[in-house]
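I opened this notebook to keep track of what I looked up, going from the whole chain down to a single spot on its surface.

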Amino acid sequence: MNITDRKILHDGFYKLTQLLVQDGDQQLKRERFEPGQAVGALVFDTQKQRYIFVRQFRVGAEAEVLEIPAGMLDKAGENPEDAMRREIQEELGYEVDQITFIRNFYSSPGGSAEQLWLYYAEVSRQTGAGGGVADENENIDVVYLSYDELVAEPWEDAKTLIAVQWAQLR
């Protein structure tokens, strides 16, 4: 298969592109969702001995979702680790003591170009309020869970499920 043409169908908060794909003697039209690149981290407070999550409304789920802190790689020149440190500060109000790269992956490669860099971060000092950035219309609740609560939670979010399974394997 070979991509022969691209056309932007929508360029708003997210982008939708139509691809012309050559498959032998067939030309196929396929749409690709392009939300950008993202980061996420399973965060553990070493003082409270609790994992820290965020609860916020998510348009895709049309509901509030409990998930790991995450965000977009949308600052010029910012690498994934620095973006993750920034997101932890914005969403949770914590400075990162230690951060470990777990894996990067495509969230849903069948129709989305989004790639996510996943981390594990340890924190111990809350230096800000957290809750997100007001001018980004973030309305985030911070949630602390013990290990037992972590493994008992029926996770709906894929990046969070991957991070939790990583923790269980450690």
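I began with the surface and noted that the protein exposes about 9,800 Å², of which carbon and sulfur atoms supply 46%. I should keep in mind that this is a predicted model, and that every value I write down here is computed from it.

Next I looked up the overall dimensions, and found that the C-alpha atoms fill a box of roughly 60 × 35 × 30 Å when it is taken along the principal axes. Of the 170 residues in the protein, 39% are buried.

I then turned to the secondary structure, which comes to three helices and 10 strands. Reading from the N terminus on, I wrote the order of the elements as β-β-β-β-β-β-β-α-β-β-β-α-α.

For the contacts, I took those between residues at least 6 apart in sequence, and saw that 57% of them join residues at least 24 apart.

I also checked the charges: the protein has 17 positive and 30 negative ones, and the mean positions of these two groups are 4 Å apart.

Last, I went back to the surface to ask which residues form a nonpolar patch there. The patch consists of F13, Y14 and F33, which together have about 360 Å² of accessible area. I followed Y14 further and located this residue in the loop between strand 1 (2-11) and strand 2 (15-23). Is Y14 buried, partly exposed or exposed? Its relative accessibility is 35%, so I entered Y14 as partly exposed, since that label covers what lies between the 20% limit for buried and the 50% limit for exposed.

Terms used
Residues are numbered from 1 along each chain as its sequence is written. This is a predicted model: local features need pLDDT of at least 70, side-chain atom pairs count only at pLDDT 80 or more; totals for chains, interfaces and linings use all residues. Side-chain values use heavy atoms; hydrogens and water are left out. Patches are made of residues with over 30% relative accessible area and no salt bridge: like charges are joined within 9 Å, nonpolar side chains (Val, Leu, Ile, Met, Phe, Trp, Tyr) within 5 Å. Accessible areas come from the Shrake-Rupley method with a 1.4 Å probe; for residues, only the protein chains shown count as cover. A salt bridge is a side-chain nitrogen of Lys or Arg within 4 Å of a carboxyl oxygen of Asp or Glu. Helices (H or I, at least four residues) and strands (E, at least two) are DSSP runs, numbered from the N terminus. Buried means under 20% relative accessible area, exposed over 50%, partly exposed in between (1.4 Å probe, protein chains only). Contact means heavy atoms within 4.5 Å. Lys and Arg count as positive and Asp and Glu as negative; His and the chain ends are not counted. The place of a charge is taken as NZ of Lys, CZ of Arg, CG of Asp or CD of Glu.
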